[in-house]
Amino acid sequence: MKMEVADETETGLDLCFALSKSEAAAGEVEVPKMVLHFDGGADWELPAENYFVTDLESGVLCLAMMKSSGMSILGNFQQQNMHVVYDLEKETLSFAPAKCSQI
């Protein structure tokens, strides 16, 4: 990221970056691509809005992921606008982009 790390925010998230007034006004900031790699060879490329959130009131852009202890959890933020199918018989996980507001 080519942005200054925000010292403290009220978002409750661990990693936030300070937005300049022009970045906040534009509403879009370039962020690194994020791809989740699963055992078995599946890759899930997340859209930026599924792992970064902008708080214009605080003037920050924050990573919408937090550490956990003992296990990894894919939260609802990462799963937004995605069809996620758990096939218990085949023991597989499938995912595909969706426009949930149109379902």
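1. Let's start with Tyr86, which sits in strand 6 (residues 82-87). In this predicted model, Tyr86 has 56% relative accessibility, so it counts as exposed, the cut-off being over 50%. Tyr86 also has company: together with Leu88 and Leu93 it makes up a nonpolar patch on the surface, and the three share about 360 Å² of accessible area.

2. Now for the inside. In soluble globular proteins, nonpolar side chains tend to be buried together. Here the largest nonpolar core contains 13 residues. Met34, Leu46, Tyr51, Phe52 and Leu61 are the ones with the most contacts inside this core. At least two core residues come from each of strand 2 (34-37), strand 3 (43-46) and strand 5 (60-63).

3. Leu61 is a nice residue to click on. Leaving aside residues up to four places away in sequence, Leu61 touches Met1, Met3, Leu15, Cys16, Phe17, Leu19, Val29, Val31, Phe52, Val53 and Thr54.

4. Strand 3 is worth a look from the side, as its side chains alternate. Trp44 and Leu46 are buried and point to one face, while Asp43 and Glu45 point to the other face and are not buried.

5. Which strand does strand 3 pair with over 4 bridges? The partner is strand 2, and the pairing is antiparallel. Within this pair, Glu45 of strand 3 has Val35 opposite.

6. Finally, the turn. Strands 2 and 3 form a hairpin, with 5 residues between them. One residue to check there is Gly40, which has a positive phi of about 95 degrees.

Conventions: Residues numbered from 1 in each chain as written. Predicted model: local features only at pLDDT ≥ 70, side-chain atom pairs only at ≥ 80, totals over all residues. Heavy atoms only, no water. Core = buried A, V, L, I, M, F, W, Y, C linked by side-chain atoms within 4.5 Å. Buried < 20%, exposed > 50% of the residue type's maximum accessible area, 1.4 Å probe, protein only. Contact = heavy atoms within 4.5 Å. Pairing = 2+ DSSP bridges. Patch = residues over 30% accessible without salt bridge, like charges linked within 9 Å, V, L, I, M, F, W, Y side chains within 5 Å. Areas by Shrake-Rupley, 256 points an atom, 1.4 Å probe, with all protein chains shown as cover. Salt bridge = Lys/Arg side-chain N within 4 Å of Asp/Glu carboxyl O.
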